[in-house]
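Visitor: I would like to learn how to read a structure like this one. Could you take me through some features, one at a time?

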Amino acid sequence: METLRRNRTLLITLAILAFLLFTAIQGLSTRDWVITLLRGISVGAITFLVASGLSLIFGLLDVLNLAHGTLFMIGAYVGWTTYLRPDTLVDLLPPVLLLAAGLLLGPFWAALVGRWRTSRTVSRAWPWAALILAVALATLVFAQWPLARWDPAVAAQSPATYSLQLDQAIKAGQARAAPAPAAQGGLLRLAGAFLGSALLALGLAGFSAARYGGAGKVTGAPRRWALGALLLVTGVGIYTGDAALTRFLFGLDTAWLFLIALLVALVTGAALGALMEITLIRPLYTRPIYQLMLTLGLGVSGIELVQAIWGRTEFNMPKPALFQGSGAGCPATSIVDWLANGCSTIDVLGGRIRTYNELFVILIGVIVLVAVSVLLQRSRLGMIIRAGVQDSEMVEALGINVRQVFTLVFALGAALATLGGIIAAPSMGLSPLMGESLLLAALIALAIGGLTSFPGAAAGSLLVGLVQQFIIKYGQIGIRLPFLEQPFKPTPPLVPASTVLLMVIILLVLPQGLFGRKE
Amino acid sequence: MPTATPSRGFAVRAWLRANTGPLIVVGLLALLPFAVALIDGQPLAEVLANQPGQAKFIQGLMIEVFILAIFALSYDLIFGITGLLSFGHAMFFAVGAYLSGIMIKSFGWSLAPTLGLLAVVAVVQALLFSVVLPRVQGVTFALVTLGIAEVFHIVIQSRELVGYTGADVGLQGVIPPAFLSPAAQRLRFYFVALGLAVLVYLLCRRFVDSPTGRVCIATRENENRALMLGYNTFYFKLTAMIISSLLASLAGFLHMLYQPIVSPGIASLSYTVNALLMVLVGGMGTLSGAPIGAAILRLLTFYFDKWFGQSSGFILGMVYVALVLFLPYGIVGTWKLRRFAWRSGWARLAQPLRPPSRDGERL
């Protein structure tokens with residue numbers, strides 16, 4: 001009874017929302033409302049992938065990451081590259097792995113440097129020398145790195161052409177021919193990459209020693225060595241098996257390739273997020289408004305960078321063969337039927353549901369929702385995160401390294417955004433500005449659900465998706481209002497306006513959002 | 001009163017001494033069109049007759065800077081001074097531009113009644129924003145204001161009002177009065193814009209130095225303490241909001257007069273973010289930082305576009321990141337912090353030269 005009274009406003013709001021949804025459903029035929037509902041949930045799922053990361057980051061770190069839309073977009077582009085041009089990935093992996101392996105040496109250098117006593121001038125000068133040497137080495141190696149690339153300016157080698165080629169290959173049911181492998185650069189160059197990054201780590205260790213004094217003993221040494229060695233071996237292995245691996249990847253079924261693209265996008269997002277947090281966000285925790293400006297600048301720069309590499313024009317990403325079939329047995333009549341034939345649509349109640357847009361996207365959204373909820377509710381890390389959202393200073397006072405958790409959460413949030421990007425790419429298409437509208441939708445969803453609440457992010461995203469899709473549907477058929485002759489048709493600009501209005505109304509009734517808690 | 005005259009003269013001299021820097025800047029800006037003409041080898045008479053040339057072009061660029069400076073100052077008043085993070089500030093600007101433009105174009109009003117109506121509407125929209133203040137604070141306030149402004153942005157883009165607003169093409173065909181035409185009377189427009197910018201700056205300064213402005217600063221620093229001291233902070237926030245709305249509408253009005261096409265983009269979130277960036281680059285809450293930030297941002301955007309073409313956005317983004325990292329409190333803010341270090345540095349240098357005071361202590 002007490003809880004009922006305390007949440008009276010929330011319950012009334014939810015009842016009104018449910019009533020509105022019910023009314024909206026009443027005006028449509030069964031077939032239409034099922035499809036509209038599924039589309040709404042699907043849009044909500046993609047919004048949720050962006051909003052959940054935003055909410056985690058904002059809750060724990062108090063950073064409103066305005067670069068999140070850009071991360072979403074980068075995920076789409078990186079995933080596209082892996083999916084359509086796996087040879088680029090194969091060519092890029094060895095130097096990146098070796099770079100990471102070299103940077104892992106940092107703490108050992110720091111321990112070594114700590115024991116080395118020199119004069120002040122020398123200890124200030126040599127890190128610069130190491131840094132310059134590292135940069136010189138890196139430019140020498142990477143300027144001539146054999147990389148399979150494309151050229152957005154040339155029509156025959158532009159991303160759009162590759163998309164078209166793959167689409168035709170999938171429709172014809174053939175495997176693509178692997179392009180001719182780029183010339184091998186020689187192991188010497190590979191060693192140069194490793195040496196360069198090791199030198200870079202040495203230089204950085206020198207800087208920190210000159211500034212803060214030498215580090216003590218190294219923690220987690222065996223694990224670090226093992227990881228470094230693993231990265232080294234993998235890098236060299238991929239490098240030697242370049243041609244074979246490329247051929248293998250090109251021969252793979254597109255569904256598997258898509259799965260690889262998902263993983264690559266996830267890892268890229270996590271790496272980018274961690275890098276961003278450690279280098280740029282961390283020095284600014286005392287100046288929150290300037291963090292906003294920083295993430296904004298990063299977002300703009302990221303968009304321009306993507307435009308420089310992939311070109312300004314929009315292009316599509318062909319769906320995997322599993323979601324593209326239209327031959328015998330299609331449209332499918334059941335899920336089993338679809339899995340057997342790989343149809344692009346399923347017949348439901350006389351209407352057709354697209355298997356990718358309306359089933360797969362929702363499935364991924366539900367999986368992420370469940371996985372992150374389990375992580376938050378059932379694991380020790382989740383416990384620390386939830387405690388940190390309430391009071392991060394208290395958590396730090398209890399002896400937990402909150403900063404490390406900050407980095408982890410930022411990486412997780414960024415990875416969710418990039419995952420959202422690659423999931424959305426086949427249905428939305430790719431354009432450098434695709435992240436911006438999604439960022440706004442995610443912000444609205446967060447505000448509706450309660451800024452720092454994870455279930456709130458899910459509920460808000462769902463609401464935003466449903467409202468958008470129902471408005472679009474009613475824009476097609478019109479609403480019969482009692483005092484109007486003509487049915488009232490909401491125009492396209494009303495779609496974003498409706499979600500914004502919903503947000504304003506909900507925030508005025510419930511300033512903390514649907515599931516936010518009072519402070 | 002015979003004694004009042006010398007003291008007033010003293011006050012004027014003290015004020016002049018305290019504001020030497022800004023006065024020099026204003027003087028230089030007044031001379032700028034002529035200086036550019038001299039460097040470019042254009043006769044001064046041509047500048048006075050508004051002949052095309054480098055001087056006229058620079059005047060145009062600087063007029064945009066002055067308009068943006070008024071806009072940035074109005075944002076600094078609520079964001080930097082009062083501490084309200086509003087994401088809907090572009091709406092104030094856009095209302096100023098659109099309302100006055102529509103009144104002049106579609107209803108044939110002259111400037112004076114248009115400005116009068118604009119003032120009334122500016123107060124009303126400030127009230128609309130402030131109505132939500134008692135309920136929502138912080139980021140939630142930012143999002144609610146964003147929502148209101150975004151609805152306005154969508155309304156001016158909608159096809160239903162195309163006859164008035166020009167929908168997504170923008171408002172065009174407004175004929176500015178002949179005595180203030182940006183093409184034929186650019187030099188006059190330049191001095192009007194400069195004069196208004198200086199006036200707005202002085203007005204903001206006066207507001208901040210007034211008891212009301214002091215309470216606004218107290219609200220920013222610690223609202224609960226201000227409430228404890230017996231100030232109803234809502235009314236002070238409301239005052240700041242109304243003044244800010246009036247000034248932003250004035251900037252929008254000038255924008256409408258100066259630009260041949262008023263694009264609906266001026267009502268979007270990115271335009272508010274522009275104001276935010278200007279204030280942050282200059283230094284929030286410093287007032288003098290806002291015009292400096294406006295000048296830097298507008299000139300950087302223009303010259304980067306000119307020099308780097310398509311990649312200018314990337315470089316501009318990187319400049320933001322670098323500014324945040326290396327000028328942590330904005331240009332004016334960081335300078336104010338460092339100034340004391342520099343001063344004490346000079347004092348330390350001069351210390352041995354100073355005669356010991358009577359107690360034998362050195363200052």
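Visitor: Let me start with L287(B): is it buried or exposed?

Guide: This is a predicted model, and burial in it comes from counting neighbours. A residue is called buried if 20 or more other C-beta atoms lie within 10 Å of its own. L287(B) has 22 such atoms within 10 Å, so it is buried.

Visitor: Where along chain B is L287(B) found?

Guide: It sits in a loop of chain B, with helix 13 (269-282) on one side and helix 14 (289-308) on the other. Look at its backbone too: phi of L287(B) is positive, near 65 degrees, although the residue is not a glycine.

Visitor: Which residue of chain A, other than glycine, has a phi near 60 degrees?

Guide: That is D62(A), where the value is again positive. D62(A) belongs to the loop that links helix 3 (30-61) to helix 4 of chain A. With 14 C-beta neighbours inside 10 Å, D62(A) counts as partly exposed.

Visitor: And how many residues of helix 4 of chain A are buried?

Guide: The count is 17 of the 17 residues, so helix 4 of chain A is largely enclosed by the rest of the structure. To judge whether a helix is straight, compare its reach with the expected span. Helix 4 of chain A (residues 68-84) reaches 24 Å from first C-alpha to last, close to the 24 Å expected at 1.5 Å a residue.

Visitor: What does helix 2 of chain B look like by that test?

Guide: Its 21 residues, 20-40, reach 29 Å, close to the expected 30 Å. A bend needs its own check, though. Helix 2 of chain B bends by about 50 degrees at L32(B), and a proline, P33(B), follows within four residues. Just after the helix comes G41(B), with a positive phi of about 80 degrees.

Visitor: How far apart in space are V26(B) and G195(B)?

Guide: They are 9.1 Å apart, C-alpha to C-alpha, although 169 residues separate them in sequence. V26(B) is part of helix 2 of chain B, and with 16 C-beta neighbours inside 10 Å it counts as partly exposed.

Visitor: What share of the contacts in chain B is long-range in sequence?

Guide: Among contacts with a separation of 6 or more, 72% join residues 24 or more positions apart. For overall form, you can set the radius of gyration beside a rule for globules. A compact globule of 363 residues would have a radius near 21 Å, and the 23 Å of chain B agrees. The C-alpha trace of chain B spans about 80 × 60 × 60 Å along its principal axes, and 40% of its residues are buried. Its secondary structure comes to 16 helices and two strands.

Visitor: How do strand 1 and strand 2 of chain A run?

Guide: They run antiparallel, and four bridges join strand 1 (residues 345-348) to strand 2 (residues 351-354). One place to look is T345(A), which stands opposite R354(A). The two strands form a hairpin with two residues between them, and L349(A) in the turn has a positive phi of about 50 degrees.

Visitor: Finally, how many residues of chain A are in contact with chain B?

Guide: 30 residues of chain A are in contact with 29 residues of chain B. Helix 13 of chain A gives the largest share of the chain A side, twelve residues. By class, that side has 25 nonpolar, three polar and two charged residues.

Methods. Residues numbered from 1 in each chain as written. Chains lettered and ligands numbered in written order. Predicted model: local features only at pLDDT ≥ 70, side-chain atom pairs only at ≥ 80, totals over all residues. Contact = placed C-beta atoms within 7 Å. Nonpolar A, V, L, I, M, F, W, Y, C, P; charged D, E, K, R; others polar. Expected span 1.5 Å × (residues − 1). Buried ≥ 20, exposed ≤ 12 C-beta atoms within 10 Å, placed from the backbone. Bend = angle between axes of the 7 residues up to and from the residue. Rg over C-alpha atoms; globule rule 2.2 N^0.38 Å. Pairing = 2+ DSSP bridges.
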